[in-house]
Amino acid sequence: MYAFIWRKLPFGLAGKLTGSVLLAAAAVALLWYVAFPWAEPLLPFDDVQVTQDSGVPGDPGGGDAVTGETPAGDEHELPYDTDQNNTAPPSPDR
């Protein structure tokens with residue numbers, strides 16, 4: 001099939017290379033703007049379910065209801081310095 005297309009493109013080598021690039025760009029544009037938007041609702045990428053139960057293996061929670069209280073300690077405390085790049089990791093005795 002590709003040999004047939006290559007033979008049918010006009011204007012010598014330069015025309016064949018230009019025509020090939022244009023055909024490839026047209027195929028990519030057709031996929032990007034027509035085929036992928038059509039198929040996107042059929043794909044399960046956004047099919048996410050988040051539950052509160054503890055039926056998930058490895059889940060440490062007991063399925064308690066979410067309250068507005070924050071637990072003791074800062075859950076968002078980072079174990080590294082965010083003011084500098086490439087800081088040394090903390091020593092194990094810290």
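This is a short conversation about reading the features of a predicted model.

Trainee: Where should I start, and how many helices and strands does the chain have?

Mentor: Start with the secondary structure, and keep in mind that the model is predicted. Here the chain has two helices and zero strands. Helix α1 covers residues 2–8, and α2 covers residues 12–39.

Trainee: How do I check the span of α2 against its number of residues?

Mentor: Multiply the rise for each residue along the helix, then compare the result with the distance between the end C-alpha atoms. At 1.5 Å a residue, the 28 residues of α2 should span 40 Å. The end C-alpha atoms of α2 are 38 Å apart, so the two values agree.

Trainee: Where is the kink in α2 centred?

Mentor: The kink is centred on Leu31 and comes to about 35 degrees. Leu31 also belongs to a nonpolar surface patch, together with Leu30, Trp32, Tyr33, Val34 and Phe36. Together these residues have about 710 Å² of accessible area.

Trainee: Is Leu30 buried or exposed?

Mentor: Look at the relative accessibility and compare it with the cut-off: exposed means over 50%. Leu30 lies in α2 and has 53% relative accessibility, so Leu30 counts as exposed.

Trainee: Which residues of α2 are buried?

Mentor: Those are Gly15, Lys16 and Gly19. The cover over the buried residues of α2 includes α1. For the chain as a whole, 4% of the 94 residues count as buried. The accessible surface of the chain is about 9,100 Å², and 62% of that belongs to carbon and sulfur atoms.

Trainee: What is the phi of Phe11, and where is Phe11 found?

Mentor: For backbone angles, check the sign of phi and the type of residue. Phe11 has a positive phi of about 70 degrees, yet Phe11 is not a glycine. Phe11 sits in the loop between α1 and α2. With a relative accessible area of 73%, Phe11 is exposed.

Trainee: What about the segment after α2, where Pro90 is found?

Mentor: Pro90 has a relative accessible area of 44%, so Pro90 is partly exposed. You can also compare separation along the chain with distance in space. Pro90 and Pro79 are 11 residues apart along the chain, and their C-alpha atoms are separated by 8.0 Å.

Notes: Residues are numbered from 1 along each chain as its sequence is written. This is a predicted model: local features need pLDDT of at least 70, side-chain atom pairs count only at pLDDT 80 or more; totals for chains, interfaces and linings use all residues. Side-chain values use heavy atoms; hydrogens and water are left out. Patches are made of residues with over 30% relative accessible area and no salt bridge: like charges are joined within 9 Å, nonpolar side chains (Val, Leu, Ile, Met, Phe, Trp, Tyr) within 5 Å. Accessible areas come from the Shrake-Rupley method with a 1.4 Å probe; for residues, only the protein chains shown count as cover. A salt bridge is a side-chain nitrogen of Lys or Arg within 4 Å of a carboxyl oxygen of Asp or Glu. Helices (H or I, at least four residues) and strands (E, at least two) are DSSP runs, numbered from the N terminus. Buried means under 20% relative accessible area, exposed over 50%, partly exposed in between (1.4 Å probe, protein chains only). The expected span of a helix is 1.5 Å times one less than its number of residues. The bend at a residue is the angle between axes fitted to the seven residues ending there and the seven starting there. Contact means heavy atoms within 4.5 Å.
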